[in-house]
Structure formats: structure tokens, C-alpha cells
Amino acid sequence: MRLNEEQREILDGKKGGILQEALRGLIKYGTAMGAEDFIPISSAHTAFSAMDVVALAFPPRGVQLTKQDIDKFSQEIANTQVRVKTTVNPAIIDRKKWQQMGADEATYNSVMRTVDIARKCGIMMTFSCIPYLTDNIPLMGEHCAWAESSAHLYINSFLGARSNRDSYETSLYSALLGITPDFGLHLDRNRKGTDLIDIQCKLESISDWGALGYFTGDRVGLGIPVFKNLRRPTAKEAVQLTATCNSPGGIPMLLLPEVSPEAPTIDAAFKGNIPRNTYVFDEPAKRKVYQYLNHQPEGRVDLVFLGCPHKTLCEIEEISRMLEGRHVAKDARLWIETSSSIRASAEQLGYAEVIEASGGELLADGCVLLYYVNAPAKRPKMDRVASDSAKQAFGIRRSFHSNIFVGDMERCLEIAIKGGI
Ligand code: F3S
């Protein structure tokens, strides 16, 4: 790959080991993907939840790191500043309610130490999987290096910003260097439709948009779907659509005519491409997705989970209205996940109080799936789960073999109050 003078100095190690390794990593990434140049980026979204995990992105790889190795690495990275605005995906705990979630003190201390190092490094520890609605909002044409399968998809599809689906490692390298290899969705020629999705049924609830996302990812795989006969989504419907596509798929971008900035019409979305396939999403197709995602849901429920991706303040307001004066069943748990900044607003506005008075928990900064995959020892009972998120349902079912109900947020709240279906 072509390097400028500064990059050659970095590669020679003149600006420290961390930057040298970050550039080596990006050169490998770009070379593998056929890029010849780097381009500047305006922002990165990465993960930075525990130093032992972050350290694995840098050599020596594949060896057991000692505490001394991790301390040395932490000191080095704390002295290196990111070059662009950098936000992070959810961590593995709620920093305020970690004990209620069953996390142990060692995990809490490790996250807090990581937060401190990240702050020194200039990383904004937002712990949110909807940064594009809150803290990190790129505009049309901005080049970014974003990880998180739903977030990069949202900014490409609905904001017209440009990011490949970067890994946590490459997005961190890009954050430190302010560049990314120029390939894939950074190039005009790759931002066009490959497959057509013809909508022949009504989408009535948020979970219906999740079902459509699941269907789309499953059918289109790695292509770019263009939608026909799809009504204009609200922002929260768009969030659910993008969140679910990449549970079964690896879709880089969606094109919704008259909604996506780069798709004023269906023809413009395809830019001359002939669709490889047309898939029809009708009532039977929608039913099939629900049948697949719902797995023996009848009976009592252990956990009702809302907030994948994280709930916005508007959604939390809606939830608090629905829960006002009502109570979650004795043996059920209701968890609503968001970020700390949104929870702080919900606390100020009184929504958090209503939710907690009903027996629900407004959790922040985490992700049920990430937490319980990483720390299974303290996992509370979750044999029977209800969620309004097809993405979370897919992940929970795959990881824990739980029985699952997926449906509207309203229905999920009723299940929490009744204690089951
Ligand atoms: Fe966010 Fe976790 Fe869902 S990171 S999108 S809540 S799987």
C-alpha cells in the first residue's frame, strides 16, 4: 500500500510501538482487501471494554498475556491519543448496577480501569450501540471506520456516510491513525444494489421490521438489497431493520428508495446493475421468520429484555407510560438496556423512577448477550426469554438454547407483568 512520509515514519517505529503495530495491522487489512491507498476518516466506533481484550489486538498475539504484559500495554496505549472522534460499543456490565446484574468485583474493576485508560487516550466511553442517533453522527459522504454490525449498516444506509464493516481491531487501529484502507463501501462503484426485496405485506410493529431484517439478511447474504413497496420507516423502525439484517447476513448497506440519501429511485439504487434475485416478503414469509425465531414460548418467563439495539429516550418514555401503576410479576425480570447518557436523561425526566417502581430495571452501558457470553458463571436464570428484538432473540437462542418469544414491545411488557404467556 502507498504510504506518505509520516506513515513511513510510523511504520519505522519512530512514533512508538502502538502506532507502528496499528499501521502494520491496517496495511495487512488493506492489502488483503485489495486497497492501494489510505483515506482520512472523520470518526471511528470500536470496542474497548477490558484491557486484556484490547491488548489482544496488538502483538504478541496468540500467547497468554501476563498481568505485567497487560499493565505495560495499558501504559503505552494511555500515552497514545486517538486522532478522530471515537465512540465505543456496549461493555459487559452496567457500571452503576453491576451487582444487580450478577457481575463480580473483578469484572467491575477491570471495566473501570479500562474507562480510565480510554479517557487518557481520548476515546469517548459512550458504551452505546446507537451512536449514530446520539453521540457520533456522521453526515453524507463522511468516511468512517466503524465496527458493530448494525451501526455501520445504519450510517451507510440512512445517513449516506461511508464505512466498511470493520472489526474491533481495525476500527481501533483507524482511530489511532485517523485513516482507513480505501476499498469496499468507501468507493462509489461499490455502493449500488445487487438484489431486490419486494414487500407484499404490512409492517405493523417494530418487531415486524426486525423480521424483515432477518429475512433480508438470510436471503441476500453479503449483497446490497434494494427495497420495493416498502413504506417509509420511522427512525426506530430503521434501527430495528439494520440491527437484524446482520444476524444471519453480512449486509454492508441497504437502499430504501426515497429514504436512503443515495437511492432517490429504484433505478438509481441499482446504478445499472441487474438484480441477481428478487425475494418476496409477504405474510407467509413473515410468519415463517416469527416461527423460526419463536421457540416454544408458552409458559412462564424468566427474563423480558428490551433494548437491542439500545432504547432511545423516546422509547423509554413510552415504556414508562405503559408501566405506570403496574408491576412486573414476582418471578420475572424486566430489563431495559440503554446507555448511561440516555439513562441520565431518563432519570432527570422521571421515566426511570416509574420503570423501577414497576419492578423493571433500566440498565446502561451493557448488552445482555455480550455480558452472558463473556461471564457465564454469574448468569441468572434465562431459560425462558421474551424480547422485542429479533437480533437479541437470535443471539440468545444460539448461545443459550433458551425458549424465546419475539414480538412487539407492548406484548413483551404484558408478558413481564403477567409473568408469562
Ligand atoms: Fe447492541 Fe448488544 Fe444488540 S451491542 S445491537 S444490544 S446485541
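Two residues count as being in contact here if their C-beta atoms, placed from the backbone, lie within 7 Å, and this tour of a predicted model uses that idea at its opening stop.

Begin by colouring the chain by domain: select 5-183 for domain 1, 192-292 for domain 2 and 294-418 for domain 3, which is how the chain is divided. With domain 1 and domain 2 in view, you can place their C-alpha centres 29 Å apart, and where the two meet, 13 residues of domain 1 are in contact with 14 residues of domain 2. On the side of domain 1 that touches domain 2, the residues by class are 6 nonpolar, 6 polar and 1 charged.

Next, select the ligand and the shell of residues around it. Between which domains does the ligand lie? Domain 1 (5-183) and domain 3 (294-418) both give residues to this shell, so the ligand lies between them. There are 14 residues around the ligand, and those that come nearest are Pro 90, Cys 129, Cys 308, Pro 309 and Cys 367. Colouring the shell by class shows 8 nonpolar, 4 polar and 2 charged residues. To see how helices take part, select helix H15 (368-374) and helix H16 (390-400), each of which supplies at least two residues of the shell; H16 gives the most, with 3 residues.

Stay with the ligand and select Cys 308 together with Pro 309, two of the residues that come nearest to the ligand. The peptide bond that joins Cys 308 and Pro 309 is cis, with omega about -10°, and Pro 309 itself is found in the loop between strand E9 (303-306) and helix H12 (313-323). As background for this stop and the two that follow, most peptide bonds are trans, and most residues other than glycine have a negative phi.

Move now to Phe 127, in the loop between helix H5 (105-121) and strand E4 (144-146). The phi of Phe 127 is near 45°, a positive value in a residue other than glycine. Is Phe 127 buried or exposed? Phe 127 has 29 C-beta neighbours inside 10 Å and therefore counts as buried, since the cut-off for that class is 20 or more.

Finish at Lys 271, which lies in the loop between helix H10 (266-270) and strand E8 (278-281). Lys 271 also has a positive phi, about 45°, although it is not a glycine. Its surroundings hold 14 other C-beta atoms within 10 Å, so Lys 271 is partly exposed.

Key
Residues numbered from 1 in each chain as written. Predicted model: local features only at pLDDT ≥ 70, side-chain atom pairs only at ≥ 80, totals over all residues. Near = placed C-beta within 6 Å. Helix = DSSP H or I, 4+ residues; strand = E, 2+ residues; numbered from the N terminus. Nonpolar A, V, L, I, M, F, W, Y, C, P; charged D, E, K, R; others polar. Domains from an automatic or database assignment. Buried ≥ 20, exposed ≤ 12 C-beta atoms within 10 Å, placed from the backbone.
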